[in-house]
Amino acid sequence: MKIEQISTPTHETVMSCNDPESGLQAFIAVHDTTLGPSLGGCRMWKYDSAADALADVLRLSAGMTAKAALVGVPFGGGKAVIMGDPHTEKTPEKMRAFGRFVEALGGRYISAEDVGMSPADMMIAAQETSYMTGLPDGPLASGDPSPYTAELVFRCMKSALLQVFGASDLIGRRVAVQGLGHVGRSLAERLHQAGAQLIVADINAEATGWAAGTLGAEIADPQAIHRAEAEIFAPCALGGTLNAETIPEISAAIVCGSANNQLAVDADADRLAARGMLYCPDYVVNSGGLLSVAREALKVTDLDWTLRKLDTAAEKFSSLLAFAQQKSISPVDAADQMVEAILHEARQGPSKERNGT
Ligand code: NAD
């Protein structure tokens, strides 16, 4: 088990983790612990290079700091990435080795599932560490956070519809969903129940087949889903899908989805705004899953805690949209300003009580 510290000016701790015995190659990044220990999922993905994996973990962990600050849970931002194909290269030995690396941070990083991970994987890692959430069993277990993530995205879509079209109703609205994984499927089901017409894309044909058969969805090419004629585009796969190439081709008036780091670069928020589109900041609308695992990490036994927090987060998003409109700024700028103010105040003030209520 080899740990190498990587120094960056932006993050508190970044570790390159190698375990030659199991073959695990991973990075863990702790971005900022001003508000509490860092909490964020572990992603497994077939990255082209270690540099790509490192760039991903740095950006994802910074997003978690902002997310926790905005939804008001006493956690900082952290994230882990494991290099490799989750379908063919994941082994119990690698998951246990990952657990040992998490344990080595002594609680400064608490993990959960992200892309390529399941509650069962977290359970294996938890054999080696107590800093693991999103577990399937146990008195505090929160399980898969994805349904909560999908629920908040759904509610935020309704707020966005209200602002753009004057009505939050989804009946007959066309929604293009990119990615039908844990969150995308749950979101698609929720949208279908609400009467929306779905256009879907996934690189996994089984997923699109399910959506066509069960939800009557139209299937689009993964390369072309952003061009679909729809009122809402919901990126629910990987990051970077809103970029200089795709933005001019999007026809939707609203972009609202679960994927982390949807903007390839910060300037893409301006590109979307210049086209008159309402971009709902990813780290705000996809924080439902964080609320689910935060309950477990805080050892809150009241299961309704997450639902109450979800209600508050949905109301906050609605206020954020109203604030941005009133100030003639983008929701991204409004959210960034709020995060900055929260962190600034926390850095000035006495340490906050961390009871999670
Ligand atoms: P997942 O791995 O279950 O699903 C991802 C899906 O995207 C898969 O079905 C995959 O085949 C598909 N996909 C990959 N590349 C694609 C492409 N080019 N075009 C279309 N489809 C593609 O992951 P998930 O848990 O559903 O998460 C989805 C996104 O939401 C990720 O960006 C994740 O970081 C983010 N997110 C998830 C949660 C959560 O609770 N799971 C919380 C916050 C943010």
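Here are four short exercises on a predicted model, each with a worked solution.

**Exercise 1: the domains**

Find which residues make up domain 1 and domain 2, then give the separation of their centres.

*Solution.* Start with the bounds: domain 1 takes in 2-54 + 76-125, while domain 2 covers 146-287 + 316-339. Next, take the centres over C-alpha atoms; they lie 27 Å apart.

**Exercise 2: the open sheet**

Work out the strand order in the open sheet, and say why β10 and β13 each have a side without a neighbour.

*Solution.* Step one is the order. Six strands line up as β10-β9-β8-β11-β12-β13, and their pairing is parallel. Step two is the edges: β10 (218-219) and β13 (278-279) each have a single partner strand, so one side of each has no neighbour in the sheet.

Step three zooms in on one pair. Strand β9, residues 197-201, runs parallel to β10 and is joined to β10 by two bridges. Within this pair, valine 200 sits opposite isoleucine 219 of β10.

**Exercise 3: α4 against α5**

Describe how helix α4 packs on helix α5: angle, axis distance, handedness and contacts.

*Solution.* Get the geometry down before anything else. Helix α4 (residues 146-165) meets helix α5 (residues 182-193) at an angle of about 50°, and the axes are 8 Å apart. Now classify the angle: 65 to 115 degrees would be roughly perpendicular and under 35 roughly parallel. The two helices are therefore oblique to each other. As for handedness, α4 and α5 make a right-handed crossing.

Then list who touches whom. On the α4 side we have Ser146, Pro147, Thr149, Ala150, Glu151, Val153, Phe154 and Met157; on the α5 side, His182, Val183, Ser186, Leu187, Arg190 and Leu191. Sorted by class, this contact holds eight nonpolar, four polar and two charged residues.

**Exercise 4: α4 against α9**

Run through the packing of α4 with helix α9, and sort the contact residues by class.

*Solution.* Same recipe. Helix α9 spans residues 288-297, and α4 packs with α9 at about 140°, their axes 6 Å apart. Watch the classification here, since the roughly antiparallel label needs an angle over 145 degrees. So α4 and α9 count as oblique to each other. The crossing of α4 past α9 is right-handed.

For the contacts, Tyr148, Thr149 and Leu152 of α4 meet Gly288, Gly289 and Ser292 of α9. By class, that gives two nonpolar and four polar residues, with no charged ones.

Technical notes. Residues numbered from 1 in each chain as written. Predicted model: local features only at pLDDT ≥ 70, side-chain atom pairs only at ≥ 80, totals over all residues. Heavy atoms only, no water. Pairing = 2+ DSSP bridges. Helix = DSSP H or I, 4+ residues; strand = E, 2+ residues; numbered from the N terminus. Domains from an automatic or database assignment. Axes fitted to C-alpha atoms, helices over the stretch in contact; angles between N-to-C directions. Left-handed = near helix turned anticlockwise from the far one by under 90°. Contact = heavy atoms within 4.5 Å. Nonpolar A, V, L, I, M, F, W, Y, C, P; charged D, E, K, R; others polar.
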